[in-house]
Amino acid sequence: MRPFSYTRAETVQDAVIALAADPGAQLLAGGTNLVDLMKYDVAHPTAIVDINRLPLKEIEDLPGGGLRIGALASNSAGASPQLRNAATTGGNLLQRTRCYYFYDPSTPCNKREPGSGCSAIGGTNRIHAILGASDKCIATHPSDMCVALAALGATVEVEGPDGRRDLAMTDFHRLPGDQPERDNTLAPGEMVTAIRLEGNHFARHHTYLKLRERLSYAFALVSVAAAIDIADGEIVDMRVALGGVAHKPWRDTLAEAEFAGQPADEDTFRGVAGRLLAAAKGQGSNDFKIPLAEKAIVRALRQAASGTPQDQVVKAVQ
Ligand code: SF4
């Protein structure tokens with residue numbers, strides 16, 4: 001591990017000033033990803049700014065049934081119990097890809113070292129992207145929570161040197177393009193302070209389906225957050241976000257809108273899957289993800305349409 005300075009921020013403003021003052025500075029909250037990255041010699045912060053004392057742990061009700069979740073609220077629905085108690089909501093957004101090559105400094109990786117190449121293209125790419133990849137990077141974002149937040153149209157509150165701004169969750173993460181080293185659209189010196197969710201009409205028809213190599217403590221190969229507002233058997237509003245398939249939670253609002261007014265049935269759900277995956281492209285070892293995602297979308301929408309909560313006993317994807 002390389003030397004770095006360590007300071008504790010007492011206010012959000014302190015943290016923003018410290019971040020903006022040193023391009024090599026990184027914030028430390030739960031540290032569940034950052035500390036690993038430092039141990040693997042992947043991340044080399046010159047300064048660590050500990051934000052654990054900031055008053056960002058609250059979860060507040062908002063008028064109209066919404067919620068405001070502080071960036072330091074623990075991520076109690078994820079991973080294993082040890083991680084749940086340390087990992088934070090803001091940190092979940094900022095976690096890095098689990099691409100094996102990214103964590104192995106002996107291999108070329110454009111995300112870790114821009115311009116060095118991508119070992120996953122033409123290499124082992126079972127967990128990699130089928131949508132929105134570039135010829136520089138085919139990594140996926142590993143979060144589950146962000147997929148659900150994207151489906152629900154969450155807003156990310158950000159504080160930076162120029163003050164506060166809101167970012168739509170769907171605009172927070174980015175596709176790799178020519179700059180795979182950039183995971184998100186935060187400007188230098190900006191930090192996440194909260195996530196805001198508005199009230200919605202999806203309480204009766206929603207689900208999150210996650211397909212992974214084992215049934216516990218594993219990242220998604222493919223996941224689907226599905227929510228439908230149904231009236232008289234027809235779709236009034238529908239949200240479908242995919243995880244494990246792209247560099248960001250994958251959502252296509254134009255495609256969703258095309259299905260408004262359609263019957264909430266199997267044919268429509270197959271149509272949704274076909275539309276969302278029309279541009280999907282396998283990389284070799286991950287070709288299986290395309291039919292898997294197709295089945296997962298149909299199953300998630302079927303589950304959501306049949307009512308919430310669903311029977312979680314049947315694990316097979318049919
Ligand atoms: Fe690096 Fe992205 Fe290629 Fe993985 S997919 S090796 S993170 S450039």
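**A tour from helix H1 outward**

Select helix H1, residues 12-21: Val12, Ala15, Val16 and Leu19 are buried there. Buried means under 20% relative accessible area, exposed over 50%, and partly exposed in between, with a 1.4 Å probe and protein chains only. Helices (H or I, at least four residues) and strands (E, at least two) are DSSP runs numbered from the N terminus.

This is a predicted model: local features need pLDDT of at least 70, side-chain atom pairs count only at pLDDT 80 or more, and totals for chains, interfaces and linings use all residues. Residues are numbered from 1 along each chain as its sequence is written, and side-chain values use heavy atoms, leaving out hydrogens and water.

Now look down the axis of H1. Its buried residues fall within an arc of 100°, so they line one face of the helix. The arc is taken from the directions from the helix axis to the C-beta atoms. An α-helix has 3.6 residues a turn, so residues three or four places apart point the same way. On the face turned away from the buried side, find the exposed residues Ile17 and Ala21.

What covers the buried residues of H1? Show strands S2 (25-28), S3 (47-50), S6 (155-160) and S8 (191-197), which are among the cover. Contact means heavy atoms within 4.5 Å.

Next, the sheet. Colour its five strands in the order S4-S5-S8-S6-S7; the sheet is open, with antiparallel pairing. Two strands pair if DSSP finds at least two bridges between them. The edge strands are S4 (59-62) and S7 (163-168), each pairing on one side only. The twist averages 25° from one strand to the next. Axes are lines fitted to C-alpha atoms, for helices over the stretch in contact; angles run from 0 to 180 degrees between N-to-C directions.

Zoom in on S6 and S7. Six bridges join this antiparallel pair. Glu157 stands opposite Asp166 in S7. H1 packs on the sheet, touching S6 and S8, and its direction makes about 130° with that of S8.

Two loops are worth a stop. Most residues other than glycine have a negative phi. Select Asp41, in the loop between helix H2 (34-39) and S3. Its phi is positive, near 65°. Asp41 counts as partly exposed, at 33% relative accessibility.

Then go to Asp232, in the loop between strand S10 (222-231) and strand S11 (234-243). Its phi is also positive, near 50°. Asp232 is exposed, with a relative accessible area of 82%.
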